[in-house]
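Here is a short report on one protein chain, written for use beside its sequence and structure.

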Amino acid sequence: MPSPWNASCSARIGGPMSETQKTGRSRLDPEPVSRRDVLGLMSLWAAGSALLFGLVGMLRLPKAAVLSSPSKRFRVTLPATLAAGEAFTPPGRNVAVYRDEQGVYAISRVCTHLGCIVKPTEEGFECPCHGSRYDHDGTVTKGPAPRALPWLEVKEQAGTLYVDEGSNVASGTRLKV
């Protein structure tokens, strides 16, 4: 049904305006897309995105989330200039290794009070956190520390010394070298 405005325009131009617009569609114009097709395309896009994110998540699974820790058993090479009764601390370890005329022994440098790392001193060890002091053999001489520093197992295999931080031995146990 032509509107009055279209009727007046048609009268001036010489024909109905709506008929010329309907037939004036070019073959290069895009086909009209129905709402059903748009919803179908959106659901395919959502399903593809979910699949992609799922695959990315699966690729991350084999990656370990925990860092590896160093082995508790490690090799020690004592310096040739190490004097008797002088502590040697292997790099990256919390262990003091001693050599004297009776043999080689190792003492943990982890304070038995709250786990701070003790420092070797002239008198033995001192905890910088709460002031515990230990003798050269790890015996508590002062402070809140409840126990002596543990002695660690030292073994020799093929001329190489190994210290095991996970294995405690009785105080005074030395390896004859």
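## The disulfide

In this predicted model, the S-S bond between cysteine 116 and cysteine 129 has a torsion of about -110 degrees, so the disulfide is left-handed. The two sulfur atoms are 2.1 Å apart. A search of the whole structure finds one disulfide.

The bond ties together distant parts of the chain. Cysteine 116 is in the loop between S3 and strand S4 (119-120). Cysteine 129 is in the loop between strand S5 (125-126) and strand S6 (133-134). The two are 13 residues apart. Their surroundings can be read from accessibility. Cysteine 116 is buried, because its relative accessible area of 16% is under 20%. Cysteine 129 has 42% and is partly exposed.

## Two cysteines without a disulfide

Cysteine 111 is in no disulfide. Its nearest cysteine sulfur belongs to cysteine 127, 3.9 Å away. A disulfide here requires sulfur atoms within 2.5 Å, so this pair does not count as one. Cysteine 127 is likewise in no disulfide, with the sulfur of cysteine 111 as its nearest.

Buried or exposed: which describes cysteine 111? Cysteine 111 is buried, at 3% relative accessibility. Cysteine 127 is buried too, at 2%.

## Threonine 112 and threonine 141

Threonine 112 sits in the loop between S3 and S4. Its relative accessible area is 11%, so it is buried. Leaving out residues up to four places away in sequence, threonine 112 touches Tyr134. It also touches the run Ala145, Pro146, Arg147, Ala148, Leu149 and Pro150.

Threonine 141 belongs to strand S7 (residues 140-142). Its relative accessible area is 53%, so it is exposed. With residues up to four places away left out, its contacts are Arg133, Tyr134 and Asp135. Phenylalanine 125 is 16 residues from threonine 141 in sequence, and their C-alpha atoms are 9.7 Å apart.

## Nonpolar cores

In soluble globular proteins, nonpolar side chains tend to be buried together. The largest nonpolar core in this model has 14 residues. Those with the most contacts inside it are Val76, Leu78, Val95, Val97, Ala106, Val154 and Val163. Five strands each supply at least two of its residues: S1 (73-76), S2 (95-100), S3 (103-108), S8 (151-157) and S9 (160-169). Another core lies apart from it, with 13 residues. Among them are Tyr105, Ile107, Val118 and Tyr134.

What does valine 154 contact beyond its neighbours within four places in sequence? Its partners are Val104, Tyr105, Ala106, Leu161, Tyr162, Val163 and Leu175.

## Salt bridges

Side chains of opposite charge can pair when their charged atoms come close. The count for this model comes to four salt bridges. One of them joins glutamate 165 to arginine 93, at 3.1 Å from N to O. It links distant parts of the chain, with the two positions 72 residues apart. Glutamate 165 is in strand S9, and arginine 93 is in the loop between S1 and S2. Glutamate 165 is partly exposed, at 26%. Arginine 93 is buried, at 16%.

Arginine 174 pairs with aspartate 100, their closest N and O atoms being 3.2 Å apart. This bridge also links distant parts of the chain: arginine 174 is in the segment after S9 and aspartate 100 is in strand S2, 74 residues apart. Arginine 174 is partly exposed, at 26%. Aspartate 100 is buried, at 18%. Arginine 133 and glutamate 126 form a salt bridge as well, at 3.8 Å from N to O. Arginine 133 is partly exposed, at 36%, and glutamate 126 is partly exposed, at 32%.

## Surface patch and an unusual phi

Val33, Val38, Leu39 and Met42 make up a nonpolar patch on the surface. Together they have about 390 Å² of accessible area. Methionine 42 is in helix H3 (residues 35-60). Its relative accessibility is 53%, so it counts as exposed.

Most residues other than glycine have a negative phi. Alanine 158 has a positive phi, near 55 degrees. Alanine 158 is in the loop between S8 and S9. At 86% relative accessibility, it counts as exposed.

Conventions: Residues are numbered from 1 along each chain as its sequence is written. This is a predicted model: local features need pLDDT of at least 70, side-chain atom pairs count only at pLDDT 80 or more; totals for chains, interfaces and linings use all residues. Side-chain values use heavy atoms; hydrogens and water are left out. Patches are made of residues with over 30% relative accessible area and no salt bridge: like charges are joined within 9 Å, nonpolar side chains (Val, Leu, Ile, Met, Phe, Trp, Tyr) within 5 Å. Accessible areas come from the Shrake-Rupley method with a 1.4 Å probe; for residues, only the protein chains shown count as cover. A salt bridge is a side-chain nitrogen of Lys or Arg within 4 Å of a carboxyl oxygen of Asp or Glu. Helices (H or I, at least four residues) and strands (E, at least two) are DSSP runs, numbered from the N terminus. Buried means under 20% relative accessible area, exposed over 50%, partly exposed in between (1.4 Å probe, protein chains only). A nonpolar core is a set of buried Ala, Val, Leu, Ile, Met, Phe, Trp, Tyr and Cys residues joined through side-chain atoms within 4.5 Å. Contact means heavy atoms within 4.5 Å.
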